[in-house]
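Trainee: I would like to learn how to read a few features of a protein model, with the general idea set out before each case.
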Amino acid sequence: MATRKLNQSIFRLVVGLVMLTALMILINVWTSTSKHAQNQLNGNLKVAQNVFEQVLENRENVLYNSANVLTADFGFKQAVATGDVPTIDSALYNHGGRISADLMALVSLDGSNITSVPQILEAGEDFPYPRIVHNAVVDGGASSLLLIERRLYQVMMLTIDAPTPIAVAVIGFEINQEWGQQLKNITQLETTIEVQANGKKNLTISTLPDEMVSLALSEQGQALSWLSLTLFNDVPYVSRQFLLAEEGNFNVVITLSNDVKRLFSDFSALQMNISLIAVLAIILALCFAALFSRKVAKPLVALADIAQRISAGDYNKAINTESSSTEVSNLAIALESMQSNIRQREEKISYQAQHDILTGLNNRYNMESLLNAKFELNKPFQVLGINVFGFRSINDVFGYHNGDTCLQVLAKRLLAHGGLGARLAGGELLWVPDEHVTHEQLLEFRNELEQPIETGDASIITKVSIGMLNCPTDASNVEELFRRMNIVLDETQLSEQLLLNYKPEFEQRYLRRLSIIAELKTALDDQQDELSLFYQPKLDLVSGKVTKVEALIRWNNAILGFVSPDDFISVAEQAGFIGKITDWVINQAIKDAVTLKNAGMDVSIAINLSAKDVMDNALLPHITSLMSASELDSKALSFEMTESDLVREPEKAIQQLRAFRERGFELAIDDFGTGYSSMSYLKSLPVTTLKVDKSFVLKLDSQQGDQKIVRTVIDLAHSFGLNVVAEGIESQATLQLLQNWGCELAQGYYMCKPLPFADFIQWHNKHQSTNWLEK
């Protein structure tokens, strides 16, 4: 490859860069000014549209006020009631004259014309827009744009009440060429109004010359380019269109057009001036580049050699250059500073590559190397995983700054005990003590970690769980250690045991949870026949009839067999796809509700919702949409929520539940008495029913303590105006007690266990006349 002198290379480089920069500036200026002009154009069109709509709204207010005065006039009402057409015409003429109305008419409630001033509507004939008349009668009034006798009117209709509606008054302004010209004078934009009926244009009103109307309409929505503006000048108008009114097959479309040449004249001049300046700048750059390249060449060669030395990793030699140029001297100083900074940065990078920046602990990757070294020693050692419960909540409540402070304090407390420490992720830490730690020492260590942390803004109390592995017994390599540490920490979360040693059965449960997640996703996506809904009846203790059922999901998997809802529901909540299960249950329950309705069975289906479901803003609209499509009313479904789930975000839960109640759905608190019940909390919840947990009902006929609790809950619910459902009934004696105490609904194996849908229908038909209290 041929070489060139440095000054020639610098000259070509500088000139090339200047020319490229100038070209980019020109392109950027052209495109920016064009875009700015386009934005200004769009703004003008938007303002014009707003003006247009405001004018129509003002005219509508005038029409409404006049119509209101007319319909409130007692004499006019009397003339309408008696059919006095001359008096009616006189009143219409006088009121229309006050506001210069172009159309004054009276229409009967069945939609036939009674009279009009001037005589635009033929008396006795049907009003051309019966649906508008119907809307006016139903709502007391209506407004619209109407095409009558090839003229466009802005019309206001109000009913004449005496006291019930006896006729409809019609008042309107004509929208014509003169009105369009007035708008043009305000907005400085050309206005074209097109009236389309039955897919055809029936009327066009425009302030443009006739020969320009079709051209302006063809440019509707046209995007301008800088080439079009600066070179071709081929777009005389830019138009924007919007739909003003729509009534069946009748549409009114407004097109606003702006003169491109007038709008963009200043931008074109600006672009030309900048182009001339850019050309002059390029010429001057050629001259200065030639002089600059000669002066810079020699010291740059020396500096290039120094840079090569630095790039090779030699940071220790001093940098000395001789140059009369301040810039080159500054460059030499910068190279010397860069050499020092690179040396420091490499040391810092080496540290950061091995440590967590926030806490100063080892990071996961460096910890892998340290643990590999310990495994190679073939000596037993302990590894403790530390997980901060609800670390995300700490960030949310106290802020990320205080959350970071918590981690830093925890890291200091950990390092104070020696050994190796690491931060794995979020609020997860790892500690390898130098010596074996006993159970008592672990308890003391955990208590020390959980001491309140003073951040200056708040006093934060942390709760940590600790999982422990004894290596190499519990793990023989780093990969196995990290995997099993995740498993034991996960087990501490699920079991809420704050200190756990690894056990092989933890891994079995962990693998089963993974299998449940994988198979459940497949069942929800591809094999929904594995899922089914069972229904358990609720006996109305007042009527003795089954009026409600609870929908309970069941899952029989080809690989896992029958999986209890207690197992896969909790896994689905942790994995983040409980919403898919809820969607499946709702869809299936609605299908079954339609079947019950068609079979003449007045039975409401109760669906269980999780806290995440309740907090989902999209769930209620989705449910109402499905029920509307299935022609079901709100009584077909009801919803049950577990009490303990709702108190996590009580304010939002109450807001969401109120939305359900406003739609007419009944709501029940499930497992009442096992969570965080309180009088104030119960009073604020917009629920209709309390469901007594079965743990209080199973032995109700023999346990006096349970009897006191259940009777108290029933009285409490009734004091708040709530119904009570008791679940877990397994004897007639229990059922009799509940009826005597005023419990409204009963559910349990004594009446019926959960049944498949078809079996439930058969059971229901068989037991319609069964007296469960005397069975």
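Mentor: We shall take a helix, a set of paired strands, the empty spaces and some backbone angles in turn, keeping in mind that this is a predicted model.

Trainee: What span should the 18 residues of helix H14 have, and how far apart are its end C-alpha atoms?

Mentor: The expected span of a helix is 1.5 Å times one less than its number of residues. For H14, residues 478-495, that gives 26 Å, and because the end C-alpha atoms are 25 Å apart, the two values agree.

Trainee: What caps the N-terminal end of H14, and which residue follows the helix?

Mentor: The cap is Asn477, which has a side-chain oxygen 3.3 Å from the backbone nitrogen of Glu479. After the helix comes Glu496, with a positive phi near 60°.

Trainee: Which residues of H14 are buried?

Mentor: Among them are the nonpolar residues Val478, Leu481, Phe482, Met485, Ile487, Val488 and Leu489, but the buried residues also include the charged Glu480, Arg484 and Glu491.

Trainee: How do strands S11 and S12 run, and how many bridges join them?

Mentor: Strand S11, residues 420-425, and strand S12, residues 428-432, run antiparallel and are joined by five bridges. Gly421 has Trp431 as its bridge partner, while Ala425 is paired with Glu428. Two residues lie between the strands of this hairpin, where Gly426 takes a positive phi near 50°.

Trainee: Which other strand is joined to S12, and how many of the residues of S12 are buried?

Mentor: Strand S10, residues 381-388, is joined to S12 by four bridges and runs antiparallel to it, with Ile386 standing opposite Leu429. Four of the five residues of S12 are buried, and the strand is thus mostly covered.

Trainee: How is empty space found, and how much of it lies in the largest pocket?

Mentor: Rolling a probe the size of a water molecule over the atoms shows where empty space is left. The largest pocket holds about 1,300 Å³ of space. Its lining has 42 residues, and those nearest the centre are Glu550, Leu552, Asp566, Asn608 and Asp670. Among the elements that give two or more residues to this lining are strand S18 (546-557), helix H16 (565-575) and helix H17 (578-598). By class, 16 lining residues are nonpolar, 13 polar and 13 charged.

Trainee: How many cavities of 30 Å³ or more does the structure hold, and what lines the largest cavity?

Mentor: There are two cavities of 30 Å³ or more, and the largest has about 110 Å³ of space. It is lined by 14 residues, of which Lys538, Ser638, Glu666, Ala668 and Thr689 lie nearest its centre. The lining divides into six nonpolar, three polar and five charged residues.

Trainee: Where does the backbone take cis peptide bonds, and where is phi positive in a residue other than glycine?

Mentor: Most residues other than glycine have a negative phi, and most peptide bonds are trans. Here the bond from Ala162 to Pro163 is cis, with omega near -15°, and Pro163 is in the loop between strand S4 and strand S5. Another cis bond joins Cys471 and Pro472, with omega about 5°; Pro472 lies in the loop between strand S15 and H14. Positive phi values include those of Arg150, near 55°, and Asn378, near 60°.

Trainee: Are Arg150 and Asn378 buried or exposed?

Mentor: Exposed means over 50% relative accessible area, so Arg150 counts as exposed at 58%, and Asn378 counts as exposed at 65%.

How values were computed:
Residues numbered from 1 in each chain as written. Predicted model: local features only at pLDDT ≥ 70, side-chain atom pairs only at ≥ 80, totals over all residues. Heavy atoms only, no water. Buried < 20%, exposed > 50% of the residue type's maximum accessible area, 1.4 Å probe, protein only. Polar contact = N/O pair within 3.5 Å; in protein donor to acceptor, adjacent residues only side chain to side chain. 1 Å grid on protein atoms, 1.4 Å probe; cavity = no way out; pocket = protein on both sides within 12 Å on 5 of 7 lines; lining within 4 Å. Points joined across faces, edges and corners; volume = space filled by probe spheres on them. Pairing = 2+ DSSP bridges.
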